[in-house]
2 protein chains.
Amino acid sequence: MKIGMSHGAGGEVMGKLISETILNNLSKKSVNGGIGLDALDDGATIPLGDHEIVVTTDGHTINPLFFPGGDIGRISAAGTINDVAVMGAKPLAITNAMIIKEGFSIEDLDKIIKSMDKTCAEADVAVVAGDTKVMEQDKIDEMVVVTTGIGILEKGKAIPDSGLNLGDKIIITGSVGDHGMSLMSFREGFGFETDLKSDVAPVWGMVEKALEIGGITAMKDPTRGGLTNAINEMTTKSNVNVLLQDEAIPVKQQVKAVSDMLGIDPYEVANEGKVLLGVKSDLAEETLDAISKDKYGKDAAIIGEVIDNKNNHVLIETAVGGQRILESPIADPVPRVC
Amino acid sequence: MKIGMSHGAGGEVMGKLISETILNNLSKKSVNGGIGLDALDDGATIPLGDHEIVVTTDGHTINPLFFPGGDIGRISAAGTINDVAVMGAKPLAITNAMIIKEGFSIEDLDKIIKSMDKTCAEADVAVVAGDTKVMEQDKIDEMVVVTTGIGILEKGKAIPDSGLNLGDKIIITGSVGDHGMSLMSFREGFGFETDLKSDVAPVWGMVEKALEIGGITAMKDPTRGGLTNAINEMTTKSNVNVLLQDEAIPVKQQVKAVSDMLGIDPYEVANEGKVLLGVKSDLAEETLDAISKDKYGKDAAIIGEVIDNKNNHVLIETAVGGQRILESPIADPVPRVC
């Protein structure tokens, strides 16, 4: 058997590889009863005294390195900061391992590091450790960046994917599909001219405001595989039934237009500055208000709710009132998106 | 300016790139007064209550993936475990981000993960988080693995590179050059037939025994750039003068033979299962004994001492009694060694 592109694209194919070839071969996958690799959550936790350390890692192979709304420096910092944030932890630091092609422009590297710095500064995160490797010209495509995020939370306060309960409202913190569709449209040659750009941003400030309300039961970063993958993961792990309202899900007009043109579902492509939350019903409006006050949460919306404590299905109700199952995608339709 | 192979090969060229393009562009490089990126130590520390979290990251681009004595799975686990260990911290967990070529054999991936697991088990380390990305066939050479290590120590107990003091003895925990020279010799076609193989191993068990004696002042993992690079870094950071005894430095006969044949200095190539230590003079013999009792420390030796609190030079005394300066290497002479 050979690795295919879909093995790295979120969704079911990747899930199978990870389960069979990685999880099955590893014997120790958690520390001191914390959240470990088997949970396949956004990050792991390591209990230490009154705290838990949150750890998460992400490889960034995005193509191209510079795109409308961001670059590999910004996405490498934000992606990892966000994975820590959606565990409910304050991000403290990232590590930065870069694998660079021989002949790569040092001026571009300079821009990428400056962008990483600016993104970290937004969330008051330090770059504490790093590594630099160089590969021969024909052995790597420009640059790969792997960041690992370290955060901290009070013991027992981690927000897992699996915390959804009957009655919980589902909130998305803004329009979906911006990152994946803008990247796809840029690659197709629509260029920087359109307003369409990536939403890549560190969301900790927004998450912190939402956490203060105290009603969050589950939280996830809807990157590869988009909203559809993230809500399916949360639903399955929580063992509940979720009903989404199609009309309530914010999608920018331009994202819709490009999606129609390319035949790609905007719910299935990556977001890089959004959070998907489950919130206790009685605190949902207040949480939505708190999120909406953040600059990255202006278009937040309640898009559905948990309707049953069984079945593990995501249903979606269309504008005309019909319901269908929103299936987990096989893979993100846009390759090398983060 | 373009990136060259030497920018990723340890040594002076890499040091300049890191300082000018990375350190200068980052504004926050440490957390709560811990050891941060500027120290360019084996890892960073984040103080938390009575403890410090130790974090370190390493990208592995080793070529080939399977080599005498190990594979990319073993080196990815051991390399990061060792960086945590030489900070004086107990390694708890690693994260594993893999970037894999489309078409890569899943059987080989299986072997690599099993090897990683076995290496982690030796040091009782968990793999708590990971990420899998796939790149197109012509965009990456087989596989890159980035691991990040998390460890823990009591507050204030970190062992920095910079702790050498007048009179301290310098200990190396075994023969030098095994990894780099075996890899080079394998690439040159000498094959698996010779006994020469990599020393790649997790050294925490050995380090733990040495730490118990209480005399360690500085500790470093002599990987890229080898013994020469590591001792020069420790000497410069500690602002001392070190005198090494050439005859005391253990080098295997086969490593010497291959070194002579290829014209490569065995002191300048990577080790992957060795530790370089500075130890208080009165505890040096006891520390050496403790190390020698570990399976990875049988050939440990005292190879020199700190002779002055100034000058930042490493001197080496040859068998016939002459002294010369052991200069920091420009770069590791063997590319893609880890």
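Colleague: What radius of gyration does chain A have, and how does that compare with a compact globule?
Modeller: Chain A has 19 Å, which agrees with the value near 20 Å that a compact globule of 338 residues would have. The radius is taken over C-alpha atoms, and the globule rule is 2.2 Å times the number of residues to the power 0.38. Please note that this is a predicted model, in which local features need pLDDT of at least 70, side-chain atom pairs count only at pLDDT 80 or more, and totals for chains, interfaces and linings use all residues. Residues are numbered from 1 along each chain as its sequence is written, chains are lettered from A and ligands numbered from 1 in the order in which they are written, and side-chain values use heavy atoms, without hydrogens and water.

Colleague: How much of chain A is buried?
Modeller: Buried residues account for 63% of the 338 in chain A. Buried means under 20% relative accessible area, exposed over 50%, and partly exposed in between, with a 1.4 Å probe and protein chains only.

Colleague: How many helices and strands are there in chain A?
Modeller: Chain A has eight helices and 14 strands. These are DSSP runs numbered from the N terminus, helices being H or I with at least four residues and strands E with at least two.

Colleague: In what order do the seven strands of the open sheet run?
Modeller: The order in chain A is 9-11-8-12-10-13-14, with mixed pairing; two strands pair if DSSP finds at least two bridges between them.

Colleague: Which strands stand at the edges?
Modeller: Strand 9 (216–220) and strand 14 (323–325) of chain A do; each has a single partner strand, so one side of each lacks a neighbour in the sheet. From one strand to the next, the twist averages 25°.

Colleague: In which sense do strands 8 and 12 of chain A pair?
Modeller: Strand 8 (residues 169–172) and strand 12 (residues 301–308) of chain A are antiparallel, over four bridges. Within this pair, K169(A) is opposite E305(A).

Colleague: Changing topic, how many disulfides are there?
Modeller: The search of the whole structure finds zero over all chains, a disulfide being a pair of cysteine sulfur atoms within 2.5 Å.

Colleague: Why is C338(A) without a bond?
Modeller: The closest cysteine sulfur, in C120(A), is 17 Å from that of C338(A), which is too far for a bond. C338(A) is also buried, at 7% relative accessible area.

Colleague: And where is the nearest cysteine sulfur to C120(B)?
Modeller: It belongs to C338(B), 17 Å away, and C120(B) is in no disulfide. C120(B) counts as buried, at 1% relative accessibility.

Methods: Axes fitted to C-alpha atoms, helices over the stretch in contact; angles between N-to-C directions.
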